[in-house]
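Colleague: I am new to this one. Please show it to me, and then I will ask how the words used for it are justified.

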Amino acid sequence: MSHRPASGLSAVSTALLAMSRHLEVRDVLKTIVVSARELLDAEYAALGVPDDHGGFAQFVVDGVSDAQWKAIGPLPRQHGILAAMLHDEKPQRLDDVRQDPRFGGWPSTHPDMSDFLGLPVRDGDETIAALFLANKRCPRRTGRCGFTEEDEELLTILAQHAAIALTNARLYERSRELTIAEERSRLAHELHDAVSQKLFSLRLTAQAAATLVDRDPARAKGELQQVADLAAEAADELRAAVVELRPAALDEDGLVHTLRTHIQVLDRAHSPHVTFRSGQVRALPAAQEEALLRVAQEALHNALRHSGAGRIDVVLESRRLGPGAVLRIADDGTGFEPSAVRRAGRHLGLVSMRDRASGVGGRLRVESAPGEGATIEMEVPGG
């Protein structure tokens, strides 16, 4: 009998339900790995999603600490046993992976692994990931249990459902991206049609007023009043369009989840390590949540583009006194002198960030110096 904390249909059902609860790809990948390790009671588990360049677009592990994972170094390549799982439909169950002729070694900081069970995660004829476990826990004090045929059968079932969960998550993310893109395209057309007409009328009326100033001041005054009315209407329509442009993900998922997802994407897409940490933050008024998100996006854009940072940390937490929240974006980059930036006419988005903060009753604080990184902190009062 293999040793595991839970057994039979109950354990499998728990694992499958856990996978079905998530719609974000990263969350699904992590849940698959955690579920597999717990179900088969292994010391280590990992899942790699291959890219088209001989490496892995994503590689999720469980049983390895953050410090260990950082010390291991770059993501593995598609070679040895990993390549076998991606290119061979058969499971790979080994008593000792180190004795397999395909084994090519691992970094000195990599945890030691012996017994091994891996297999591809397939969607039809396509292999979309490789899932593996190592070091089956043994109830005996000496020796190793090793993975059994029963373990292989359970992992095969899990992998089949993992493929469904992962495919659904990808479709969900793609569908949401398309919905957002379509909505923004619609708003862009409406904005162009409505506001451009107002601006065109405003321009003609202003020209008419200019020609009447000397010969008919009374009529010119009337035309200028119309200019003011048209400008006010254009401003109202712009304001309405901006309200409609509130991020769809913010309405659906809330500020914390939206920020986390955005930062995960940036972390994968850029060389600096971008992290996110959040405490227990109560729901905020919609305008404040959007302002916090926009400031975070602007600050992250600046840090990634201009700072030369190796690490950017984003923290969202409740205010120490009273309701509200504090957003902090800190980088370890080259830094800058805020007053010198203003004198040079380069605002790095600081003006718009301050306007967003003050527009919702909040405040923005900027701390930076050459060679000392930068910290942007925004505080909002809550509702």
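Modeller: A helix here is a DSSP run of H or I with at least four residues, and a strand is a run of E with at least two. By that count the protein chain has ten helices and ten strands. Keep in mind that this is a predicted model.

Colleague: What makes β9 and β10 a pair?

Modeller: Two strands pair if DSSP finds at least two bridges between them. β9 and β10 (residues 374-380) have six bridges, in the antiparallel sense, so they meet the definition. One of the bridges places L364 with M378 of β10.

Colleague: Which sheet does that pair belong to, and in what order do its strands lie?

Modeller: An open sheet of five strands, ordered β6-β7-β8-β10-β9, with mixed pairing. The average twist from one strand to the next is 10°.

Colleague: Why are β6 and β9 called edges?

Modeller: β6 (273-278) and β9 (363-368) each have a single partner strand, so each has one side without a neighbour in the sheet.

Colleague: How do you know which strands helix α8 touches when it packs on this sheet?

Modeller: Contact means heavy atoms within 4.5 Å. By that test α8 (residues 286-307) touches β6, β7 (311-318), β8 (325-331), β9 and β10. The direction of α8 makes about 5° with that of β8. Helix α10 (residues 350-359) also packs on the sheet, touching β9 and β10, and its direction makes about 145° with that of β9.

Colleague: What is the strand order in the sheet with antiparallel pairing?

Modeller: The order is β2-β1-β5-β4-β3, again an open sheet of five strands. β2 (56-62) and β3 (92-94) are at the edges because each has a single partner strand. The twist there averages 15° between one strand and the next.

Colleague: What joins β3 to β4?

Modeller: Three bridges, with the strands running antiparallel. The definition asks for at least two, so this counts as a pair. R93 is opposite L117 in β4.

Colleague: Which strands do helices α2 and α4 touch?

Modeller: Helix α2 (residues 25-40) touches β1 (42-50), β2, β4 and β5 (126-136), at about 40° to the direction of β2. Helix α4 (residues 80-87) touches β1, β2, β3, β4 and β5, and makes about 135° with β5.

Colleague: What share of the residues is called buried?

Modeller: Buried means under 20% relative accessible area. Of the 383 residues in the protein chain, 41% are buried.

Definitions and conventions: Residues are numbered from 1 along each chain as its sequence is written. This is a predicted model: local features need pLDDT of at least 70, side-chain atom pairs count only at pLDDT 80 or more; totals for chains, interfaces and linings use all residues. Side-chain values use heavy atoms; hydrogens and water are left out. Axes are lines fitted to C-alpha atoms, for helices over the stretch in contact, and angles run from 0 to 180 degrees between N-to-C directions. Buried means under 20% relative accessible area, exposed over 50%, partly exposed in between (1.4 Å probe, protein chains only).
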